[in-house]
Every structure is written in C-alpha cells, then in structure tokens.
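Welcome, and thanks for taking a look at this one with us. Have the viewer ready, and we will go from the whole chain to a single strand and then to a single residue.

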Amino acid sequence: MRIAIPLADGDVAPHVGHCRSYLIADVEDGKVVHTEEVANPGHGPGGPPPVFLANQGVNLVLAWGIPQHARELFRRHGVEYIVGCHGEARRVLQDYLAGTLKLTDQGLEGDGCSCH
C-alpha cells in the first residue's frame, strides 16, 4: 500500500492540492518500509494533484481538507482518502497504522476552501 500525506513544514498541510510536497510511504504488513518526499507539481506535468498521486501508485491519502472536485478525481482513480487529519505528518501516519488516528472537522466547513 502507498499512502500520501500533503506536507507543510512537516505537518499535514491544510489543503491537499496547495502543498509544496507530499510524504509518500510504502507500507507492508502494517509497517512503513520506505518513505520519500515528492514535490507537488500543481496542475502542471502529471495532471492535477489527485491524478499525479494516483500515477505515483498512491492508494490512500491522509489529509486535513480535500475539496469536492478533488475527491471526485480521487474516486475516479481508485484512491481512497481520509479527511480531518492534523498534526505532524509522520505521527499521523503512525497513528493511522496503529488504528489510533484522531480526526477533526474543526475549520473544514469554513475558510472558503470548500473542503467539507
């Protein structure tokens, strides 16, 4: 399984498409076997971020906010997602794998980002 998390200075970025990079983790048997940080191409080469991540082999995105149009693109490309993730990205990844991930909806409906 490949998991992607949008990054902002090591934390989960507030918007999946407006981050500088993604932490991409390869997971086998519930354990992280490899991680890499991959630059977000924006809407340039590789397509918009949901298409880019799907082309990277990502199966799951752990994010704070994902707008509706991006959610649809993820669905069309078979990429699952979880919204409401917050905090340090590597901790979010470990909490997800441990089954202890805590989500928030604080701010997801405001802020003009249509991420709810």
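## From the fold to serine 21

Of the 116 residues in the protein, 45% are buried. Please keep in mind that this is a predicted model. The protein contains three helices and six strands, and its elements follow the order β-β-β-β-α-β-α-β-α from the N terminus. Among contacts between residues at least 6 apart in sequence, 46% link residues at least 24 apart. About 6200 Å² of the protein is exposed, with carbon and sulfur atoms supplying 47% of that area.

Strand E1 (residues 2-8) is a good place to zoom in: six of its seven residues are buried. Its pairings are set out below.

| Partner of E1 | Sense | Bridges | One facing pair |
|---|---|---|---|
| E3 | antiparallel | six | isoleucine 3 and alanine 25 |
| E5 (residues 60-62) | parallel | two | isoleucine 3 and leucine 60 |
| E2 (residues 11-12) | antiparallel | two | alanine 8 and aspartate 11 |

Isoleucine 3 thus has a partner in E3 and another in E5. Between E1 and E2 lies a hairpin with two residues between the strands, where aspartate 9 takes a positive phi near 55°.

Now for strand E3 (residues 21-28), which includes serine 21. Is serine 21 buried or exposed? Serine 21 counts as buried because its relative accessible area is 8%, under the 20% cut-off. Leaving aside residues up to four places away in sequence, serine 21 touches Ile5, Pro6, Leu7, Glu37, Val38, Ala39 and Asn40. With glutamate 37, the serine 21 side chain makes a side-chain polar contact of 2.7 Å.

Methods: Residues are numbered from 1 along each chain as its sequence is written. This is a predicted model: local features need pLDDT of at least 70, side-chain atom pairs count only at pLDDT 80 or more; totals for chains, interfaces and linings use all residues. Side-chain values use heavy atoms; hydrogens and water are left out. Helices (H or I, at least four residues) and strands (E, at least two) are DSSP runs, numbered from the N terminus. Buried means under 20% relative accessible area, exposed over 50%, partly exposed in between (1.4 Å probe, protein chains only). A polar contact is a pair of N or O atoms within 3.5 Å; within protein, one must be able to donate a hydrogen and the other to accept it, and residues adjacent in sequence count only if both atoms are side-chain atoms. Contact means heavy atoms within 4.5 Å. Accessible areas come from the Shrake-Rupley method with a 1.4 Å probe; for residues, only the protein chains shown count as cover. Two strands pair if DSSP finds at least two bridges between them.
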